[in-house]
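Reader: I have a structure in front of me and many terms to sort out. Can we go through them one by one?

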Amino acid sequence: MQLVIVESPAKAKTIEKYLGKDYRVLASYGHVRDLPAKDGSVHPDDGFAMEWETYADKSKQLKAIADEAKKADRLILATDPDREGEAISWHVQEVLAKKKALPKEVERVTFNAITKPAILAAMKAPRELDTDLIDAYRARRALDYLVGFTLSPVLWRKLPGAKSAGRVQSVALRLIVEREREIEGFTAQEYWSVVAQMEQDGQPFEARLVKFDGKKLDRLSLGDQGSAFAAKEAVEAARLSVVSVETKPATRNPPPPFTTSTLQQEAARKLGFSASHTMRIAQSLYEDGAITYMRTDGVQMDGSAIDAARGAIANRYDASYVPDRPRQYQTKAKNAQEAHEAIRPTDFSKDRAGSGDHGRLYDLIWKRALASQMASARLERTAVELEDGTGRLGLRATGQVVLFPGYLALYEEGRDDAGDEDSRRLPLLRDGDAPAKTGVTAEQHFTQPPPRFSEASLVKRLEELGIGRPSTYASIIQVLKDRAYVRVEKNRFFAEESGRLLTAFLERFFEKYVGYDFTAGLEEELDDVSGGRAEWQAVLEAFWRDFKPRTAEVMEQQPSAITAELDKFLEAYLFPAKADGSDPRLCPNCGEGRLALRGGKFGAFVACSNYPECKYTRRFGQPGGEGAEDAGPEGLGKDPETGLEVERKSGRFGPYIQLGEGKEAKRASIPKDLPGGELTLEWALKLLSLPRVIGNHPETGEPIEAAIGRYGPYLKHAGKYARLQTTADVFETGMNAAVVKLAEAAAGRPARGAAREPLRVLGAHPRTEAEIKLMEGRYGPYVTDGTTNATLPKTVAPEALTLEEAAQLIDARAAAAPAKKGRKAPAKKAAAKKPAAEKKPAAKKAPAKKAPAKKVAAKTED
């Protein structure tokens, strides 16, 4: 028997079918071990030795693999054909060796597509594990670990509110923050355009003023209304005639088939997909055998695939759409490495695969790959010059005609932040023609700041700079979102306060390590490790030699000194010069104190130097903006019982109320659904009085409390909870209603009148076709197909869960169901206590029958 190891159970099932009875194919479910998330897992003083730890949820699967390996004559490691795939194979081999379950014959095979010919061909060409790729993986993993576990403690102690920083993520964040600064520092300039509406032989067209009073105009030449209107009047009064018609042929060649980064960019532009969503869908299409491997820098296609594409083009169009010679592409990406074939369909005769988002992404991949082998588009571009009799006034009209669409008949590449190419048709014009003038307009414009990054343009910029690798961009962007360093609005990235402050800190104290050239250079060194041109430990040593002392130096500084340095570094941003020349640091509240950056428990803010007499504060991320100020607490009145002042204050997590001062002070958040919409002293005292004791439960005699927590209003009784709908319910719910709500919550049912809605509908189960939903449960999120419920593992984020992962969780839970029934028997014996002692042994056997729950671990990237 020959044992084959792959990552995914979907791949395992397909490949086992292709290979036949002599093969057993098992899935590792992604990576099986990693560096423990604690300091000391990498030892720089011991040659960067690493301590690996098996994932807790992979132990059963590894046992199953080990059991099969002991019976196998040959182990075939067939994980993905990239650095991460090589690392997974290496980890599996290492674990089996420690378990003394490694067969004598161990081989590595790779394939670019999950099709029968590709699988069988790969089995005939085995190789050994690529030690260079494994070393490159170890170098990247150690490097990211050392940066995270060395730099993050510095942030926690010296930069209040900061969470953590990553080697590549911090540089990507810097790009977003710098773009924000460009936008804020941008000064718009007014300019005007003058356009004449004209007509020739019944066909309208437009001509733009390009010369006025004998001078050539650029975009900003007409800078005010007066000059624009003077030009408009001159055009209206002039008799214009054609002085030249220039027609040039043009050719547009098709773009190459997709790489990982171009797929992410185009899916963002045309389908609105995030990079992470694109990669999840592409992974599923790959595992279904629909497309080739989706983590690649390569733009070339296999010769047989090119022939198939040319055949599909000939079948779909006439022979003129097939170029005389096959097209060959070469990658232009900086530091392209581990180049496999481009992303393409495995079968060009199939123009559809999957449904929903899967179908849309496949359609994009199929069209792009097919178009890459189609004939070029032939265009004709025309420029017409018109002048008045003096030659001091000139207009230009431009147009374009598609003579032969070529690949444009199937596909046209999307664009970032740019208008479509001018494709207006012009009438037939000759020298001396005097087209009719039907109107003239003068339009005001303002120069625009550079646009904020979209996912597509950010990925494109990272690739241009050589920062990170295309296969890692999705995880880089997701980390920035998860840590709330950025937010996304209308598909554009906005830098949050925490992201701006972190970037400023790193630029001031770790400038080298967030430098674009340094990061790109380090990527080149890591690529040299992949190619066997550099030794991985030497690369790490060179980095660590400078990085460790720098972190120690910053750690020795006092937080106040750090804040003072950041105050100077950010002065132009936090305290921009005022138009009237007054001091931008002068406190607007007291008129005496000076504003400066301060560090607090929950982050940085701007405050007055006259504190505590003046309690003016301003959020860090709102330099001088209206509505950003907080002149201090607002008094609501005095508590009649204690005589203490009740104040309304603003904190990091929003407005709150406070009674008293110091450690003894009572505080309560102000809910958004406050009855009446306004906070009064009466409501403030009610909120401060929580929790409210409704009474003692009639069955247990223990108290039932109503309160407001992190997730909203709730009931509590004997350690059990039930949700309430509104703030008013906290004060109005009586004993009978409370008992019913608690009983329904304990039974796992929603409160009456509040049917639970799914968090997401994931789609039809790929094997049973039952609809799978993601739900919020009492013990956390779970997935259900209406029959089986499966709790999400802690390693799987609900927002990142895919349909296939959900289906696997449900299948594993369903397989375990019989064992679970066996375990329930002892619980029912509690009422009938006599047979309890006899049946205990049977109860112990039941868990052994339970099939191992298979949890999907996301494939990690640096």
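Author: Start with how an angle between helices is taken. Axes are lines fitted to C-alpha atoms over the stretch in contact, and angles run from 0 to 180 degrees between N-to-C directions. Keep in mind that this is a predicted model. Here, helix α6 (residues 169-184) and α12 pack at an angle of about 120°. Their axes are 11 Å apart.

Reader: Why is α6 called oblique to α12?

Author: Angles of 65 to 115 degrees count as roughly perpendicular, and those over 145 as roughly antiparallel. The angle here is about 120°. That value falls in neither range, so α6 is oblique to α12. The crossing of α6 and α12 is right-handed.

Reader: Which residues of α6 and α12 meet?

Author: Ala172, Leu175 and Ile176 come from α6. Leu458, Arg461, Leu462 and Leu465 come from α12.

Reader: What makes residues of this contact of α6 with α12 nonpolar or charged?

Author: The class follows from the residue type. Ala, Leu and Ile count as nonpolar, and Arg counts as charged. The contact of α6 with α12 therefore has six nonpolar residues, no polar ones and one charged.

Reader: How do you know whether α12 is oblique to α13?

Author: Use the angle again. The axes of helix α12 (residues 455-465) and helix α13 (residues 473-482) cross at roughly 120° and come within 11 Å. That makes α12 oblique to α13. This crossing is right-handed. On the α12 side, the contact is made by Glu455, Leu458, Val459, Leu462 and Glu463. On the α13 side, Tyr473, Ile477 and Lys481 take part. By class, that gives five nonpolar, no polar and three charged residues.

Reader: Now the strands. What makes β2 and β8 edge strands?

Author: Look at the order in the sheet. This open sheet of four strands runs β2-β1-β7-β8, with parallel pairing. β2 (23-27) and β8 (105-108) each have a single partner strand, so one side of each has no neighbour in the sheet. Neighbouring strands here are turned by 20° against each other on average, direction ignored.

Reader: How do you know that β1 and β7 pair?

Author: Count bridges. Pairing needs at least two bridges between the strands. Strand β1 (residues 2-6) and strand β7 (residues 74-77) are joined by four bridges, so they pair. They run parallel. Leucine 3 has leucine 75 in β7 as its bridge partner.

Reader: Which strands stand at the edges of the sheet β26-β27-β28-β29?

Author: This is an open sheet with antiparallel pairing. β26 (692-696) and β29 (720-723) pair on one side only, and they are the edge strands. The average turn between neighbouring strands is 25°, direction ignored. β26 is joined to strand β27 (residues 703-709) by four bridges. Asparagine 696 stands opposite proline 703 in β27. Helix α21 (residues 735-746) lies across β26, β27, β28 (712-717) and β29. Its direction is at about 105° to β29.

Reader: Why is strand β9 said to be largely enclosed?

Author: Buried means under 20% relative accessible area. Eight of the 11 residues of β9 (residues 190-200) are buried, so the rest of the structure largely encloses this strand.

Reader: What does β9 pair with?

Author: One partner is strand β15 (residues 436-446), antiparallel over 10 bridges. There, alanine 196 stands opposite valine 440. Another partner is strand β10 (residues 203-212), antiparallel over six bridges. Methionine 198 stands opposite phenylalanine 205 in β10. The hairpin of β9 and β10 has two residues between the strands, and aspartate 201 takes a positive phi near 55°.

Reader: Why is arginine 295 called buried?

Author: The cut-off is under 20% relative accessible area. Arginine 295 has 11%, so it counts as buried. Its place is in the loop between α9 (275-287) and α10 (303-316). The C-alpha atoms of arginine 295 and glutamate 341 are separated by 9.5 Å, with the two residues 46 apart along the chain.

Reader: What share of the chain's residues counts as buried?

Author: Of the 862 residues, 47% do. The chain has 23 helices and 33 strands.

How values were computed: Residues numbered from 1 in each chain as written. Predicted model: local features only at pLDDT ≥ 70, side-chain atom pairs only at ≥ 80, totals over all residues. Heavy atoms only, no water. Parallel < 35°, antiparallel > 145°, perpendicular 65-115°, else oblique. Left-handed = near helix turned anticlockwise from the far one by under 90°. Contact = heavy atoms within 4.5 Å. Buried < 20%, exposed > 50% of the residue type's maximum accessible area, 1.4 Å probe, protein only.
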